[in-house]
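Grab a viewer and work through a few exercises on the model below. Each one sets a task and then walks through a solution.

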Amino acid sequence: MRGTVYKSTGSWYSVKSESGKFYDCRIKGRFRIQGIKSTNPVAVGDRVIFELEQTSDTVTGVIKDIEPRDNYIIRKSVNLSKQTHIIAANIDRCFLVITLNNPPTFPAFIDRFLVTCEAYHIEAILLFNKVDTLSEEEFGEVKYLAEMYREIGYTCIGVSAKTGKNVDQVKDLMLGKTSMFSGHSGVGKSTLVNAIESTLDLKTKAISDQHMQGQHTTTFAEMFDLSFDARIIDTPGIKGFGVVDIEKEELGSYFPEFFALKDQCKFNNCLHLEEPKCAVKDALENDELYWSRYQSYKQIIEGDEENYRRNVYDQQP
C-alpha cells in the first residue's frame, strides 16, 4: 500500500493511505541503518510503502520503503550536534513566523532558515506576526526588516493571528499547496494556524514572562488537511537552526544577492572573505548589500553555532 506520513511520534507514524484511511505504522529496526543519518529516518510528508498486519483486534502497518523525496527541511539535532533531524519532507512552501520581540527572532536565525530553504529548493515566505502589538518604533523596525528581505526577493507579510490581519492573504498562498509553518516557540504559530483553520483548535500557551520565550505546545510535527484545498505541516517551536551539509564553496549561492554578483568576483571560487577584487565586499562597502546578511554568511561559514542567537544585524565587521 502507498500512503503519506501525517504524524510522527518517534516510534509510531500516522499514515494516510491512498483511499483516505489512516493507519498507525512502525518501522523495523534495520530500516534505521540504511544510509540514513538523521535521528528520524521517516518524516512527516514522506510518501511511503507499507504493509498491514493484524495483531489481536488491531490492524497496524509496517513501513517498508520511502519513495524519493522532492525536498525536505533538515537541521542539526539540538542535543546531538553530529546528527541531523528532518523536520518535514515534500513541502511546497515554508512559512517562517517571526516576532520582533516577545520572543525576539533575530535576522541571523531568519537567514539560516532561508539558506536551508534555498539549498533544498523550497519557497520561503516570512510572516511578521503580532503586528497589532507593536509600538510605532517597533513597527518601524519590522518595516525595515521586511523591506530588506523583499529587496532580496522574499515575500514578506505582516500578520496578526489575533485580529486576523492578512490571514486571507496567507490562505491564498497556501491554496493547492503543502505548506510548513515554523518559528521559535511563542511566536504565535499555533494561534496563526488556528486563525487559518479554526476547526483545528491547536493548543496554544502564553509567553513565559521570565524568559520572554514561548513554551513548547507542539511536540511533534503533524500535517493536517484543510477545508480549502491545502495541507499544513505544524512543527515544534525551534530555538536554533544549525545549517547542515552545505559546503563553504556553495554557501554564497544560497544568498541570492551574493550569487547575483558572483561572476563579477576576480576568482570564480571566491568565498567573499579575504580575496582581492571581491564584488560582494565592494558592494558592502558601497552600502549596496546589507551587513546583517554578510554577518550571517560569515557565521555560517565559520561554523559559529552560538552567536547567531544574538541580535547582530546592526553590527559591521
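**Exercise 1: Salt bridges along the chain**

Glu-51 and Lys-64 pair up in a salt bridge whose closest N and O atoms are 3.9 Å apart. Glu-51 sits in strand β4 and Lys-64 in strand β5, 13 residues apart, so to speak distant parts of the chain. Helices and strands here are DSSP runs numbered from the N terminus (H or I, at least four residues, for helices; E, at least two, for strands).

Before going on, some ground rules. This is a predicted model, where local features need pLDDT of at least 70, side-chain atom pairs count only at pLDDT 80 or more, and totals for chains, interfaces and linings use all residues. Residues are numbered from 1 along each chain as its sequence is written, and side-chain values use heavy atoms, with hydrogens and water left out.

*Task.* Work out how many salt bridges there are, and check the burial of the partners in three of them.

*Solution.*
1. Apply the rule: a side-chain nitrogen of Lys or Arg within 4 Å of a carboxyl oxygen of Asp or Glu. The count comes to 11.
2. Start with the pair above. Glu-51 has a relative accessible area of 47% and Lys-64 has 34%. Both values fall in the partly exposed range, which lies between buried (under 20%) and exposed (over 50%), with a 1.4 Å probe and protein chains only as cover.
3. Next, take Asp-46 and Arg-69, with their closest N and O atoms 2.7 Å apart. Asp-46 is in the loop between β3 and β4, Arg-69 in the loop between β5 and β6, and 23 residues separate them. Asp-46 is buried at 0%, while Arg-69 is partly exposed at 26%.
4. Then try Lys-189 and Asp-234, bridged at 3.2 Å, N to O. Lys-189 is in helix α4 and Asp-234 in strand β13, so this pair ties together parts 45 residues apart in sequence. Lys-189 is buried at 5%, and Asp-234 is buried at 3%.
5. Finally, look for a network: Asp-111, Glu-257 and Arg-293 are linked by salt bridges.

**Exercise 2: A covered helix**

*Task.* Find which residues of helix α4 are buried, and what they pack against.

*Solution.*
1. Helix α4 spans residues 189–196, and 6 of its 8 residues are buried.
2. Those are Lys-189, Ser-190, Leu-192, Val-193, Asn-194 and Ile-196.
3. List their contacts (heavy atoms within 4.5 Å). The buried residues pack against β8, β9, α3, β11 and β13.

**Exercise 3: Cysteines without partners**

*Task.* Explain why Cys-278 is not bonded to Cys-270.

*Solution.*
1. Use the cut-off: a disulfide is a pair of cysteine sulfur atoms within 2.5 Å. The count is 0.
2. For Cys-117, the nearest cysteine sulfur is that of Cys-94, 4.1 Å away. Cys-117 is buried, at 1% relative accessible area.
3. The sulfur of Cys-278 is 3.8 Å from the one in Cys-270, which is too far for a bond. Cys-278 is buried too, at 2%.

**Exercise 4: How far to trust it**

*Task.* Locate stretches where pLDDT (the predictor's confidence in each residue, from 0 to 100) is low.

*Solution.*
1. The chain's mean pLDDT is 83, and 80% of its residues reach 70 or more.
2. Over residues 205–219 the pLDDT is below 50, though the model gives this stretch 37 contacts beyond near neighbours in sequence.
3. Residues 308–317 also stay under 50, with 27 contacts beyond four places in sequence.
4. Where pLDDT is low, the predicted coordinates should not be read in detail.
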